[in-house]
Every structure is written in structure tokens, then in C-alpha cells.
Amino acid sequence: MGRIISFIQKLLSFFPFFNPIKTCSSPQSEKDSSFRFHQNVDTTCIDILEETMQNPAAWVLNMENLEERQLARAPERWIRHYCSSHRMLLVGEGDFSFSASLARAFGSATNMVATSLNTTEFLFSNYKKAMENMNELKTRGSVVLHGIDATEMANHCYLGAIKFDRIIYNFPHAGFRSDEPVKSHKRRNRSLILLFFKNAKEMVKDNGEIHVTHKSNRFFLDWNLQGLAAAVGLRLIQELPFKLSDFPGYRTKYGFGGDKNFNCHPSKTYKFGLF
Ligand SMILES: C[S@@+](CC[C@H](N)C(=O)[O-])C[C@H]1O[C@@H](n2cnc3c(N)ncnc32)[C@H](O)[C@@H]1O
């Protein structure tokens with residue numbers, strides 16, 4: 001049976017675009033399959049990978065024994081409920097100021113993967129500090145990725161291979177459409193969050209946590225985060241008031257462009273887990 005499967009795999013490898021089997025065995029094949037995966041999302045993703053992940057396979061392995069190495073080398077550093085020994089995935093970043101704030105607090109950011117759905121072109125033309133924040137992250141050792149869609153990230157060739165201690169999405173929002181009825185706006189946003197939870201659940205460690213920071217006024221409470229999490233089998237561990245000043249340098253950005261900071265008061269951080 002094993003020989004038959006191996007024969008079919010070999011046969012399929014001659015037709016890479018029809019190959020349903022994700023191959024991550026070597027850096028080159030990872031690059032190829034990642035490119036295929038992302039080519040209809042954001043082709044700049046592969047440029048960033050080349051820039052920051054010269055050897056992605058080694059990087060995944062590196063992440064694997066992160067805790068032991070970090071503890072052996074340096075004492076843990078904390079900022080609020082985040083620790084330098086947590087393997088962290090940040091999703092839906094705006095100008096990357098939240099990730100950069102954590103990175104500065106940790107000193108080293110080798111434990112972090114900071115991601116955005118947007119292209120570098122969008123970020124540079126909209127957010128004055130995006131470039132500076134991304135450079136700070138890369139200098140401190142974080143991987144920075146673009147074109148990462150929270151609703152399908154578990155299928156990503158590199159990210160899907162890693163289990164994270166913390167997966168964080170601050171102020172998830174699917175964008176505004178000026179003449180959209182309230183019901184449809186709510187449906188789109190709830191769908192974004194539901195699919196994010198579904199993907200994050202597959203990527204978090206058994207004892208890990210998924211954090212969503214969300215406005216806590218009536219309009220946003222109506223999205224019912226807790227119900228969405230429960231629908232995919234996640235349970236609420238804790239909800240805490242969110243204070244922007246806990247994260248120096250963090251600027252909350254709208255997703256549709258412009259460099260204005262939105263008012264995030266009142267907000268809460270909701271922590272979800274598997275059990
Ligand atoms: C209100 S903004 C918050 C940005 C940032 N997290 C912050 O706190 O400043 C919402 C963000 O969600 C991102 N977003 C929307 N749909 C997404 C998706 N499917 N996958 C990943 N990010 C998404 C947008 O690009 C935008 O940056």
C-alpha cells in the first residue's frame with residue numbers, strides 16, 4: 001500500500017498544480033508551493049519570504065525548540081499577558097505597531113510571526129510608520145509576512161506546520177462599504193471572526209490561547225464573539241479590559257486606509273482556549 005501511495009505521489013509531482021499533497025520537505029519546494037498557494041492573494045508574499053526567511057524549513061525547526069533555547073539563553077520578558085518564550089502569531093496587523101511594541105518589550109522577536117493581509121505597497125502608502133515598524137521587527141528577528149488571510153491561514157505551507165502558544169488578532173474587521181445594510185455588515189464581520197477562530201483552533205497548541213481584542217460597546221458586543229468561538233469548539237478562558245497605554249507605540253489603524261488612529265475605548269481582550 002505504502003509503495004502505491006509513494007508511486008502516486010511521484011506521479012503527481014510531475015503535475016505540481018494538480019498536486020493535492022502539500023510538500024514542505026525542502027526550502028525550495030516550500031517556496032514553490034507557497035508561491036502557488038499565494039499567487040492569487042498577494043504575490044509580494046514570496047518577496048517577503050525570500051527577504052526574511054532565507055531557509056524556511058530551518059526556521060520552522062528553529063521554532064520547534066524555541067522554549068528550551070530561550071529559557072537557556074535569556075530570562076523571560078513579559079508585556080501584559082505576553083511572554084518572550086511564547087511562540088506567537090499576530091494576525092491582521094495594521095501598521096505593525098502592536099507587534100513592534102511587543103518586540104521592543106521582549107528585546108528579541110525570534111518567537112514572533114507578524115502578519116498582515118495587506119500588500120507592502122498598501123502599507124507604505126497608507127501608514128507612515130509601517131516601514132519603521134516592520135524594520136524593527138525584522139531586525140529583532142521576527143518573521144514578517146504579507147497576504148496572510150486569517151480565514152485560510154491554517155492551509156499556509158509554513159504557518160500551517162507550526163503550533164503556536166498565542167494567536168492574536170486585534171480589532172478584527174472586514175472593512176466598510178458605505179451603503180451596506182447593517183445586517184450584511186454584521187454578517188461579513190461575524191464570518192471573518194468565525195473563520196479566523198476555525199483556522200486558529202487548528203494552529204494553537206493544546207494549552208495555547210487565541211486572543212481577540214474587540215470594542216466592547218453595544219454595537220460590537222452584538223457580534224457575539226463568545227458564541228462564534230463556541231460554534232467551533234473554543235471556550236472563553238477570560239475577558240479583560242484592554243488599555244492601549246499597556247503597549248507603548250501601538251496605534252490602532254483602520255483597515256481601509258488612511259493613517260488615522262481609531263478610538264479603541266472601551267475594549268476588551270477575550271482569551272479563548274481548546275479545553
Ligand atoms: C480595524 S483594522 C485593525 C488593524 C490592527 N489589528 C490594529 O489593531 O491596528 C482590521 C484589520 O483586519 C484586517 N483584515 C480584514 N480581513 C482580513 C482577513 N481575511 N485576514 C487577515 N486580516 C484581515 C484588515 O486588513 C485590517 O488591517
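## Helix 6, the seven-stranded sheet and the ligand shell

Helix 6 is followed by G107, whose phi is positive, near 90 degrees. The structure is a predicted model, in which local features need pLDDT of at least 70, side-chain atom pairs count only at pLDDT 80 or more, and totals for chains, interfaces and linings use all residues. Residues are numbered from 1 along each chain as its sequence is written.

**Helix 6 and the chain as a whole**

The chain contains 11 helices and nine strands; these elements are DSSP runs numbered from the N terminus (helices H or I, at least four residues; strands E, at least two). Helix 6 covers residues 97–106, and eight of its 10 residues are buried. A residue counts as buried if 20 or more other C-beta atoms lie within 10 Å of its own, as exposed if 12 or fewer do, and as partly exposed in between, with C-beta atoms placed from the backbone. In helix 6 the buried residues are S97, F98, S99, A100, S101, L102, A103 and F106. They pack against strand 1, strand 2, strand 3, strand 4, helix 8 (130–139) and strand 6; two residues are in contact if their C-beta atoms, placed from the backbone, lie within 7 Å.

Over the 275 residues of the chain, buried residues make up 36%. Among contacts between residues at least 6 apart in sequence, 76% join residues at least 24 apart.

**The sheet**

Seven strands form an open sheet in the order 5-4-3-6-7-9-8, with mixed pairing. Strand 5 (143–146) and strand 8 (235–241) each have a single partner strand and stand at the edges, so one side of each is left without a neighbour in the sheet. From one strand to the next the twist averages 20 degrees; axes are lines fitted to C-alpha atoms, for helices over the stretch in contact, and angles run from 0 to 180 degrees between N-to-C directions. Two strands are taken to pair if DSSP finds at least two bridges between them. The table sets out two of the pairings.

| Strands | Sense | Bridges | Opposite residues |
|---|---|---|---|
| Strand 4 (residues 112–116) and strand 5 | parallel | four bridges | A114 and V144 |
| Strand 7 (residues 204–215) and strand 9 (residues 267–273) | antiparallel | six bridges | V212 and Y270 |

Helix 9 (residues 182–203) packs on the sheet and touches strand 3 (88–91), strand 6 (164–170) and strand 7. The direction of helix 9 makes about 150 degrees with that of strand 7.

On strand 5, V143 and L145 point one way while V144 and H146 point the other way, and all are buried. K268, which is found in strand 9, is partly exposed because 18 other C-beta atoms lie within 10 Å. Leaving aside neighbours within four places in sequence, K268 is in contact with H214, S216, E239, L240, P241 and F242. K268 and V212 are 56 residues apart in sequence, and their C-alpha atoms are 8.2 Å apart in space.

**The nonpolar core**

In soluble globular proteins, nonpolar side chains tend to be buried together. Here the largest nonpolar core has 50 residues, of which L89, V91 and I167 touch the most other members. Helix 9 provides the largest share of this core, six residues. A nonpolar core is a set of buried Ala, Val, Leu, Ile, Met, Phe, Trp, Tyr and Cys residues joined through C-beta atoms within 7 Å. Apart from its neighbours within four places in sequence, I167 is in contact with L89, V91, A200, M203, V204 and I210.

**The ligand shell**

Around the ligand there are 20 residues, and G92, G94, L117, A150 and G255 come nearest. A residue is near a molecule if its C-beta atom, placed from the backbone, lies within 6 Å of it. The shell divides into nine nonpolar, eight polar and three charged residues. Ala, Val, Leu, Ile, Met, Phe, Trp, Tyr, Cys and Pro count as nonpolar, Asp, Glu, Lys and Arg as charged, and the others, Gly among them, as polar.

**Backbone exceptions**

Most residues other than glycine have a negative phi, and most peptide bonds are trans. R80, in the loop between strand 1 (78–79) and strand 2 (82–83), has a positive phi near 50 degrees. N224, in the loop between helix 10 (218–221) and helix 11 (225–231), has a positive phi near 55 degrees. R80 is partly exposed, with 14 other C-beta atoms within 10 Å, and N224 is partly exposed, with 14 other C-beta atoms within 10 Å. A cis peptide bond with omega of about 0 degrees joins H265 and P266, and P266 lies in the loop between strand 8 and strand 9.
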